Amino acid sequence: MGGIDSTYAWRRLAASVALSTVGGIGMWSLTVAIPAVQADLGITRADVSFAYTMNTLGFFAGGVIVGRIVDRRGIVVAAILSAVGLALGFALAPLATTLVPFAAAQALIGFSAAATFAPLVADISHWFEKRRGIAVAIAASGNYVAGALWPPIVGFIINSHGWRAMSLSAAVLCLLTMIPLALTLRRRPPDHAEGALVRVVRRSQDALGLSPNALQALIALMGIGCCVAMSMPQVHIVAYCADLGYGVARGAEMLSLMLGFGIVSRVASGWIADKVGGVRTLLLGAVLQGIALAFYLIDDKLTSLYVASALFGLFQGGIVPSYAIIVREYFPPGEAATRVGLAVSSTLIGMALGGWMGGMLFDMTGSYRAAFINGIGWNIMTVLIAWWLLGRQIRRSATA
């Protein structure tokens with residue numbers, strides 16, 4: 001049978017991870033291409049970081065808009081549109097000779113890639129109850145599988161044939177693989193006992209004493225803060241290694257290592273969330289992420305950077321899935337894709353802002369030290385909000 005927690009649900013999860021892995025090239029290819037694009041177009045580090053920001057803002061808009069489409073029409077239509085949009089964006093990017101059309105192509109790529117992350121996570125959350133935390137975490141890991149898989153491949157193609165050939169190759173890949181994968185998800189999610197679940201959600205919201213919109217706003221603030229911090233290594237590690245003289249290939253290896261360990265972190269965080277809930281899991285991840293960022297400030301030797309990248313991936317991978325789990329704990333299932341889209345898309349605002357700030361601070365100071373310190377400051381904001389939410393939950397539970 002194909003119901004909740006069934007064998008089919010696990011097969012659907014595997015297909016979702018595969019789809020997310022392919023679509024994730026829309027997020028990770030530019031981080032490797034930054035030095036090549038900067039040199040080819042004759043622009044500054046802040047300029048090429050702006051193109052990354054446009055990619056990420058596109059991802060934000062896509063997460064919100066596509067989330068509403070999925071709540072109304074299902075995941076298949078959204079995933080097919082994603083495949084077409086990614087292919088078009090990757091095909092247009094090599095035609096650019098200046099920053100503006102290149103950034104516009106990146107915005108389209110980011111918008112289209114959004115369907116392969118938050119909407120897929122929301123969709124799979126409907127198919128699990130007993131193991132929802134770990135299922136959501138595994139679904140969200142497709143993005144990190146992409147981050148571990150694509151940077152070395154993208155780096156190799158860029159070194160051998162240039163970034164334009166890499167982009168055209170990505171266009172063909174997305175078009176030929178994503179549509180067949182999307183068609184495997186045609187079965188609609190199981191029906192929910194909506195009235196009963198809404199009552200459970202209302203009781204959960206009472207546990208915090210916050211309105212739905214107030215809670216959504218706090219989730220957004222935490223998402224922005226944690227991902228301004230997260231963006232520093234993820235966006236700039238390749239360029240950082242190039243600036244230190246270690247080469248682009250070393251930076252791509254560190255990014256792959258970081259995101260590979262992030263997969264472990266995401267799966268582990270799902271297991272933890274099933275035991276202690278989304279807010280505690282988020283707080284743990286945010287504290288550990290701040291510790292990992294501090295390691296980058298200690299030493300910039302090659303071995304130290306590899307160690308810092310591994311620790312960063314291991315510590316921070318569970319943060320973003322925690323937002324999806326919190327949404328499913330406190331909001332009705334009929335709003336899942338929209339609410340998860342808003343929550344996860346807020347993290348993309350943080351990535352966009354942090355990516356741009358990292359480039360700007362580098363241009364201003366000639367190093368990335370100020371950018372790492374800036375990231376730690378934003379991370380502290382997320383820790384404080386999560387701590388406040390947890391304290392509020394504990395106090396209200398004690399007086400109930």
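Q: How many helices and how many strands are there in the chain?
A: Welcome to this structure, which is a predicted model. Strands are absent from the chain, their count being zero. What the chain does have is helices, and they number 16.

Q: Which radius of gyration does the chain have, set beside that of a compact globule?
A: For 400 residues, a compact globule would come out near 21 Å. The chain agrees with that value. Its C-alpha atoms fill a box of roughly 60 × 45 × 30 Å along the principal axes. The radius of gyration of the chain is 20 Å.

Q: What share of the contacts with a separation of 6 or more joins residues 24 or more positions apart?
A: Contact here means heavy atoms within 4.5 Å. Taking the contacts in the chain with a separation of 6 or more, the share from residues 24 or more positions apart is 86%.

Q: Is leucine 120 buried or exposed?
A: Let's visit one residue: leucine 120 sits in helix α6, which spans residues 118-125. Its relative accessible area is 2%. A residue counts as buried under 20%, so leucine 120 is buried.

Q: Which residues is leucine 120 in contact with, leaving aside its neighbours within four places in sequence?
A: We already know that leucine 120 is buried. With neighbours within four places in sequence left out, its contacts are Ser16, Leu19, Ser20, Ile75, Ala115 and Leu185.

Q: What separates the C-alpha atoms of leucine 120 and phenylalanine 312?
A: Along the chain, leucine 120 and phenylalanine 312 are 192 residues apart. In space, their C-alpha atoms are separated by 25 Å.

How values were computed
Residues are numbered from 1 along each chain as its sequence is written. This is a predicted model: local features need pLDDT of at least 70, side-chain atom pairs count only at pLDDT 80 or more; totals for chains, interfaces and linings use all residues. Side-chain values use heavy atoms; hydrogens and water are left out. Helices (H or I, at least four residues) and strands (E, at least two) are DSSP runs, numbered from the N terminus. The radius of gyration is taken over C-alpha atoms; the globule rule is 2.2 Å times the number of residues to the power 0.38. Buried means under 20% relative accessible area, exposed over 50%, partly exposed in between (1.4 Å probe, protein chains only).
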